[in-house]
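User: Could you pick one part of this structure and go through it closely with me? Please spell out the cut-offs as you go.

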Amino acid sequence: MIIIIGIVFMVLGMIVSGRLKSKFAQYSQIRLRNGMTGAEIAQRMLHDNGIYDVRIIQVDGQLTDHYNPLDKTVNLSYDVYTGASAASAAVAAHECGHAVQHAMAYAPLKMRSALVPAVNVATNVMNFANMFLMFGGVYMLSRGSSFGNMLLMILIVANAALAIFSLITLPVEYDASNRALKWMETRSIVTTGEHDMAKDALKWAALTYVVAAAGAVANLLYYVSIFLGRRDD
């Protein structure tokens, strides 16, 4: 069952990710009327929000854009940093949305950052547990041995941490997108048509987090159902 769950959400993730890349490629061909690059848009949004201590950096890769609260940097991929399209505007403004969240101590962002150490541990635990399950661990879980019970509880705790982190990530991402879209509209950075394209691109980006959260919750519920089934026995 856990393999089926993994396959289902892996396929969903691939579909959404593929759609996101397709949208980004499509909207990257639409040059902004004002000709501003992603880096210029990011700089303007930061300054409009009174933020002057965040650096904008170009990084390698595609769709590798992110905000790093530890060193206060908005990291933009080459296509976004140098691009002057609806797609680059959407991504650059979205990442600056996270910088605005950080500056105003947005509660969900603070909670997500606080959970990072626990999530790193949970991820390592899950990697080890998955390897063990592949080599007979599933049999121990089904047999209800003491070791199997301990493994089950570890899996529940680790999956709970991952699920909570994924769920908290949702409002963080959607809020950053809403801030980006509202700022671009208010400051007339984009036309109505460009705004619609930016909104569509950010929608598909957000759906990648929705799929990840749904998968994390499904994994947690699977192991919880095993635990509850044992109690009924």
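Analyst: Let's start with the whole fold: of the contacts in the protein with a separation of 6 or more, 73% link residues 24 or more positions apart, where contact means heavy atoms within 4.5 Å. Bear in mind that this is a predicted model, so local features need pLDDT of at least 70 and side-chain atom pairs pLDDT 80 or more, while totals for chains, interfaces and linings use all residues. Numbering starts from 1 along each chain as its sequence is written, and side-chain values use heavy atoms, without hydrogens and water.

The protein has 7 helices and 3 strands (DSSP runs numbered from the N terminus: H or I, at least four residues, for helices; E, at least two, for strands). Read from the N terminus, the elements go α-α-β-β-β-α-α-α-α-α. Among the 233 residues, 42% count as buried, meaning under 20% relative accessible area with a 1.4 Å probe and protein chains only; exposed is over 50%, and partly exposed lies in between.

The part I'd zoom in on is the sheet. The 3 strands form an open sheet in the order β1-β3-β2, with mixed pairing (a pair needs at least two DSSP bridges). At the edges sit β1 (55-59) and β2 (66-68), each of which pairs on one side only. From one strand to the next, the twist averages 25°.

Now take the two pairings in turn. β1 and β3 run parallel and are joined by 5 bridges; in that pairing, I56 stands opposite V74 in β3. On the other side, β2 and β3 (residues 73-77) pair in the antiparallel sense over 3 bridges, with H66 opposite N75 in β3. Helix α2 (residues 38-48) packs on this sheet and touches β1 and β3. The direction of α2 makes about 160° with that of β1, using N-to-C directions on a scale from 0 to 180 degrees, with axes fitted to C-alpha atoms (for helices, over the stretch in contact).

The turn between β2 and β3 is worth a click too. Their hairpin has 4 residues between the strands, and K72 takes a positive phi near 55° there.

So how covered is β3? Mostly: 5 of its 5 residues are buried. In a regular strand, side chains alternate between the two faces of the sheet. Here T73, N75 and S77 point one way from β3, whereas V74 and L76 point the other way, and all are buried. Putting the partners back in, N75 is the residue that H66 stands opposite, and V74 is the one facing I56.

For a buried polar residue elsewhere in the chain, try N159 in helix α6 (residues 146-186). N159 counts as buried because its relative accessibility is 2%. Leaving aside neighbours within four places in sequence, N159 is in contact with M126, N219, L220 and Y223. V224 is 65 residues away from N159 along the chain, yet their C-alpha atoms are separated by 9.8 Å.

For contrast, M14 in helix α1 (residues 2-27) has a relative accessible area of 57%, so M14 is exposed.
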